[in-house]
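Trainee: I would like to take a close look at the enclosed spaces inside this protein, and then at the parts of the chain around them. Could you take me through them slowly?

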Amino acid sequence: MPMRAKTVISPPFTPQQSFTDAEKAYQQLLAIYEQQCQFITEHFRAYVKNELPSHVHVRGYYPQIRFHLEQHQLVDSRLAYGYATEPETYVTTVTRPELFKKYLIEQMGLLIKNHGVAIQVGLSQTAIPLHFCYFDKLSVAAQITESQNLLIRNHFDVPDLTIIDDAIVNGTLRLAPGEDHPLAPFTAPRVDYSLQRLEHYTATLPEHFQNFVIFTNYQFYVDEFCALSKQWLEDPDSGYTELVEPGNFVSRQGAINHQKPTRLPQMPSYHLKRADNNGITLVNIGVGPSNAKTITDHIGVLRPSAWIMLGHCAGLRNTQQLGDYVLAHGYVRDDHVLDADLPLHVPLPPLAEIQVALEKAVEEISGLQNWELKRIMRTGTVASIDNRNWELLDQKDLDQHLSQSRAIGLDMESATIAANGFRLRVPYGTLLCVSDKPLHGELKLPRMANSFYTTQINQHLQIGLRALEFLRQMPSDRLYSRKLRSFIETPFK
């Protein structure tokens, strides 16, 4: 008996509409997305009950934003984003509009304002995978039997890795003649992929992530961050509303949570939230450049305002003391994890806004200024390596390599975080604390380390938090540096 031909069913077609009001354009994006996801999930519930006909394939589509510029226009040369450089048609698909509301309205509004041209919102031709319609508690696998799982591709679209990559942000996208140009640095499937990964790695939902991010790799910093956060929550003038810990456990003023997850994830995250989303997220990334790349790959799709690394390093100069600070102005990338995405010949420039905020914070928290500040802080090159036992390498070759680079500190994560910030167009910075000096006979030994941690963790964390408060006070278009943009860029940040 011949098999019946597949019938693809979709929601009623939504025609493209033009908007000169970014808020109304956003509402249309949200309506389309919710309509498409609801259609998919309703039919999935029928599939779970074995009520979906065998010949039916259910398909919904991501909404898209389209922007067409007819001719070259003069725009404010001080802008880092929010304008198109060439007369072209620019398009991007959109997912989870409610999560990106502020970002989408700002970016669409800037295009309308800077060019005086309407934007179009409609349906794309990119299917929404069933699995990406579930992003809170429920999962597809938990609702179906093993046999249903084996046959699910017959009825629904599933994630397709052939269309999920970083060609746009890597600058390697090759367009065919007449093909639409990318409007944003990430497509909807790429964003959905990272949103799923974020919850997996951090045990918190993506909506809890704040615009300012601290990366660290020591539990001491986490403990101090949580303690300070719960203190600030009790201050109604602090501006902070909640602390969200792994497992999505929430503390609020007068209702401090004491629950802990039964098992911590690979890179637990902690979110000190503000109503405007300009709070602070701290992520314990663990050890190594691979973790650093993994988490920044995924947080990058949230388009944070800035991220900084607060960690420890080996002091490479004999004049440095344990507890001194290293403010990175440059990086030696011996970590290798980004070599395929960002060539080693690409320099990582220091971003003035971040550097000034970090130095100002060190001054304020330490109480030292000008010439005296140089007693505890040195600016220069940080080398990041992928071998934690680098001390066992041939010291003669290592000394020469580090000396030629003028490096003053060595760690395993800072260059990765800075390089991925540069690659993903996220303002970045690094402030490290000297915890040992292996080249000068001071190894990180247990009792020495405990003493160091006791005296330095609190100050170092407070410096990082204060720096981010300085950055938060800056308008977003002043914080975001033009150094992050190439001459072929997406109009969206």
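How many cavities of 30 Å³ or more does the structure hold?

Mentor: The structure holds four cavities of 30 Å³ or more, and before we look inside them you should know that this is a predicted model, in which local features need pLDDT of at least 70 and side-chain atom pairs count only at pLDDT 80 or more, while totals for chains, interfaces and linings use all residues. Residues are numbered from 1 along each chain as its sequence is written, and side-chain values use heavy atoms, with hydrogens and water left out.

A cavity here is a set of points, on a 1 Å grid over the protein atoms alone, where a 1.4 Å probe fits but cannot get out, and a lining residue has an atom within 4 Å of such a point. The volume is the space filled by probe spheres set on the points, which are joined across faces, edges and corners. The largest cavity has about 180 Å³ of space. Its lining is made of 16 residues, and those nearest the centre are Thr 93, Tyr 103, Leu 104, Phe 186 and Val 191. Strand 5 (89–93), helix 2 (101–115) and helix 5 (188–202) are the elements that give two or more residues to this lining, where helices (H or I, at least four residues) and strands (E, at least two) are DSSP runs numbered from the N terminus. Sorted by class, the lining of the largest cavity has eleven nonpolar, four polar and one charged residue; in this sorting Ala, Val, Leu, Ile, Met, Phe, Trp, Tyr, Cys and Pro are nonpolar, Asp, Glu, Lys and Arg are charged, and the others, Gly among them, are polar.

The second largest cavity has about 60 Å³ of space. Among the residues that line it are Arg 96, Phe 132, Phe 135, Asp 192 and Glu 199, and its lining divides into four nonpolar, one polar and three charged residues.

From the cavities we can turn to the aromatic rings. Rings of Phe, Tyr and Trp (its six-membered ring) pair if their centres lie within 6.5 Å, and planes under 30 degrees apart count as stacked, over 60 as edge-to-face and the rest as tilted. By this rule there are eleven aromatic pairs. One of them joins Phe 44 and Tyr 134, whose centres are 5.7 Å apart with 70 degrees between the planes, an edge-to-face arrangement. This pair links distant parts of the chain, since Phe 44 is in helix 1 whereas Tyr 134, 90 residues apart from it, is in the loop between strand 6 (119–127) and helix 3 (146–151). Phe 44 counts as buried because its relative accessibility is 0%, and Tyr 134 also counts as buried, at 11%; buried means under 20% relative accessible area, exposed over 50%, and partly exposed in between (1.4 Å probe, protein chains only). In another pair, the rings of Tyr 218 and Tyr 221 have centres 6.5 Å apart and planes at 45 degrees, so that pair is tilted, and both of these residues are buried. Phe 44 and Tyr 134 also belong to one aromatic cluster together with Tyr 47 and Phe 156.

Helix 1, which carries Phe 44, can be checked for its length. Its 27 residues (residues 22–48) should span 39 Å at 1.5 Å a residue, and the end C-alpha atoms are 39 Å apart, which agrees; the expected span is 1.5 Å times one less than the number of residues. At the start of helix 1, a side-chain oxygen of Asp 21 comes within 2.9 Å of the backbone nitrogen of Glu 23. After helix 1 comes Asn 50, in the loop between helix 1 and strand 3 (56–58), and this residue has a positive phi of about 60 degrees although it is not a glycine. Asn 50 counts as exposed, with 62% relative accessibility.

A second residue of this kind is Arg 406, which has a positive phi of about 65 degrees and is not a glycine. Arg 406 is placed in the loop between helix 10 (395–405) and strand 16 (407–411), and at 56% relative accessibility it counts as exposed. Arg 423, by contrast, is found in helix 11 (residues 414–424) and counts as buried, at 2%. The side chain of Arg 423 makes polar contacts with the side chains of Asp 166, at 3.4 Å, and Asn 170, at 2.6 Å; a polar contact is a pair of N or O atoms within 3.5 Å, where one must be able to donate a hydrogen and the other to accept it, and residues adjacent in sequence count only if both atoms are side-chain atoms.

Terms used:
On a 1 Å grid over the protein atoms alone, a cavity is a set of points where a 1.4 Å probe fits but cannot get out, and a pocket is an open set with protein on both sides within 12 Å along at least five of seven lines; lining residues have an atom within 4 Å of a point.
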